[in-house]
Amino acid sequence: MTDSIFLTLAVIAGMALYPFFANSLKNQRQNAAGVIGVALMGFVILGNPVEPGLAHGSHLHAVLMVLSFLFFSSAYLRRKREQNIPNKTAWLPFILAVLLSVVGETGATVQVYCIISVIQASCLMAITIQYGKLPRLTYFKAAYFCILYSIVACVFHLSYSPEYGDLVSSSLLNNLFYLLLGSIIIHMVFQDFSRIRLTSNLDEHTRVDQELMKFAYGSRRVLKDFQHDLRQPLSTLGILASVGKALSQDPEVSARYQHIQTAHKALRNMLEEFFEQLSNAIRYPQVKSTLPLQSVALDDVLGPLIEEYRLLGDVKHLDIRHVPSRVKILTNREALSKIVRNGLDNAVKYTNQGGVVVGLRRKKGKLCIQIVDTGSGVENNKVAIQNKGWGHGANIIRTLSEQIQAKTECRNRYFRNELAGSVFEIILPDDKEVQQREKCAEFSHRTSFNAQVMATCPQQLLEIQKCLPVEGFDRVDFTLNGAYRAYLNALRKGMAPVYIMYVGEPGHKKEGLEQLNLLSSLLDFNPCCILIYNASQESNPRIEFGRQIIQIPLFPSQGASNLSVISELFPNRGSTVKKTVSCAPSVACQQKEKSKPLVMF
């Protein structure tokens, strides 16, 4: 029986040695150290009655007890989140406790050793008090193991005292030790399981993703403010051009004002498109590099551009003609306009006499927009050779063409073996190519992005469920209660990257912040936590981006306009994963709300 007990303790200590040396998580190494310390104590307690070498006061007994306390107490060091520098003030009670362990094993009496055990427990509790940013449950566990270890050590020494030995039975000592050993093993195994389970839905880029989302949101807000400020001078320019054209009596001056109006309209459209593209560029997560396609009449794209550049051509005495058509194509209007504009701009710029013709023709079964000029042509019959306006422009055209599945070509045109200008072609895709792209987009793989929404009562859960934008998530779980319920759901389903707490009462904002801080500490990670609170009693509420928690004020009487920040933080990624919303209220709440089922998105 004794051999089997020793073998069991050796197996437990051996299993704990692997995470102690190999585990990358500091807390797990500390938990393993505690298990090793208790297992070493077990060799002394269980082997003392049958093994002479482990007799009370022997050298092996002293060595094992010192090593036991050394391993056990090391589990109390550096228990701080987000801090890589060890707390130097914790080393003093740790060293004192270890020295007392050595002194106690050099022949001290039972009374002295019990006093030493109390001092050691006090030292470990002093280290525990210095913990930072850890949940109350961690403090409770630390105190529990510290007190139980000290009690087992004191009872063990009391059992060999001539004065108190009769008061302590071997069964009591063994039961206390088994309680300590079983508790610390369950704690280590449970934390190992929880770490694995909590990271089941997270990859190594999740924290970076969340920070980039916040950065993208802040950048887009700055961009929107700048866009709003820029509209004022643009509007003033347009008004001045309109007033000047209306007051002018000279036809030539009126034509110039008309040119300014046309240029102003083109500039305004270009800036709007630029801001929209820039806003999409700093959106996170990034969408696929394709643009939405729709049916567009070709003349609706070419007509306004021809009129705009005809005024520029009149200045150079160029004849700009357009062959109209009634063809409708499947494309992106803004992207196609930019490609045509770039071609027209180069054609007018490098043509000094003659003119430019824009028309539509078929080439190898596909529609092709051609811009033909009588200018100086393209150097070496290639685009982007020399600095002739095709360097950066070619990059823009190439990117836009890929997004609408078109192809562009630019080549010289010859007449009787002499250079007669250049031809710029935009070869548009047919319907089959567009449909194939849409099918591929439907089957594109995307990782799931989950959110868990919490509230403290069914009424608040219904309120936030009705107004919360969920388009940016693949799954949204609505649960009652707070941090502990969310923590259990994380263990059961896997950790969600985003946790949202809704506080419907104005005075419960502080409680909501405490719940999110507790949740973050329980998860032992830094998830993206969002607090949505009733701000009806605040004078000037604003959205606050803290290091760990985003605070979003909400006015129930004025709608949920502030919640649009969630759509900007987590924009719709066009995911094909079906979004589901589940609620897990308590039994009493389910009976109370039986006649009024929760709304399902």
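# Report on selected residues and salt bridges

Arg 416 lies in the loop between β6 and β7; helices and strands are DSSP runs, numbered from the N terminus, with at least four residues of H or I for a helix and at least two of E for a strand. The model is predicted, so local features are reported only at pLDDT of at least 70 and side-chain atom pairs only at pLDDT 80 or more, whereas totals for chains, interfaces and linings use all residues. Residues are numbered from 1 along each chain as its sequence is written, and side-chain values use heavy atoms, with hydrogens and water left out.

## Two loop residues with positive phi

Most residues other than glycine have a negative phi. Arg 416 has a positive phi near 55 degrees and is not a glycine. With a relative accessibility of 71%, Arg 416 counts as exposed. Here, exposed means over 50% relative accessible area, buried means under 20%, and partly exposed lies in between, with a 1.4 Å probe and protein chains only.

Gln 405, also not a glycine, has a positive phi of about 60 degrees. Its place is in the loop between α12 (391–403) and β6. Gln 405 is partly exposed, at 24% relative accessibility.

## Salt bridges

The count of salt bridges comes to nine, where such a bridge is a side-chain nitrogen of Lys or Arg within 4 Å of a carboxyl oxygen of Asp or Glu. One of them joins Lys 363 and Glu 409, whose closest N and O atoms are 3.5 Å apart. Because Lys 363 belongs to strand β4 (residues 355–363) and Glu 409 to strand β6 (residues 407–415), this pair ties together parts that are 46 residues apart in sequence.

Lys 363 also forms a salt bridge with Glu 425, at 2.8 Å from N to O. This second pair links distant parts of the chain, since Glu 425 lies in strand β7 (residues 418–427) and Lys 363 in strand β4, 62 residues apart.

A further salt bridge brings together the side chains of Glu 538 and Lys 509, with 3.2 Å from N to O. Glu 538 is in the loop between β11 (528–534) and β12 (544–545), while Lys 509 is in helix α16, so the pair connects parts that are 29 residues apart in sequence. Elsewhere, salt bridges with shared partners join Lys 363, Glu 409, Arg 411 and Glu 425 into one network.

The accessibility of the residues in these three pairs is set out below.

| Residue | Relative accessibility | Class |
|---|---|---|
| Lys 363 | 25% | partly exposed |
| Glu 409 | 37% | partly exposed |
| Glu 425 | 1% | buried |
| Glu 538 | 30% | partly exposed |
| Lys 509 | 17% | buried |

## Lys 509 and helix α16

Lys 509 is placed in helix α16, which covers residues 509–523. The helix has 15 residues and reaches 21 Å from its first C-alpha to its last, close to the 21 Å expected at 1.5 Å a residue; the expected span is 1.5 Å times one less than the number of residues. The buried residues of α16 are Lys 509, Gly 512, Leu 516, Leu 518, Leu 519, Ser 520, Ser 521, Leu 522 and Leu 523.

What does Lys 509 contact, leaving aside neighbours within four places in sequence? The partners are Val 503, Leu 531, Tyr 533, Glu 538 and Gln 551, with contact meaning heavy atoms within 4.5 Å. Lys 509 and Ala 535 are 26 residues apart in sequence, and their C-alpha atoms are 8.9 Å apart in space.

## Gln 120 in helix α5

Gln 120 is located in helix α5 (residues 110–129). Its relative accessibility is 4%, so Gln 120 counts as buried. Not counting residues up to four places away in sequence, Gln 120 touches Phe 69, Ala 97, Leu 100 and Ser 101.

## A nonpolar surface patch

On the surface, Leu 7, Val 11 and Met 15 form a nonpolar patch with about 320 Å² of accessible area together. Areas come from the Shrake-Rupley method with a 1.4 Å probe, and for residues only the protein chains shown count as cover. Patches are made of residues with over 30% relative accessible area and no salt bridge, joined within 9 Å for like charges and within 5 Å for nonpolar side chains (Val, Leu, Ile, Met, Phe, Trp, Tyr).

Leu 7 is found in helix α1, residues 2–22. At 57% relative accessibility, Leu 7 is classed as exposed. An α-helix has 3.6 residues a turn, so residues three or four places apart point the same way.
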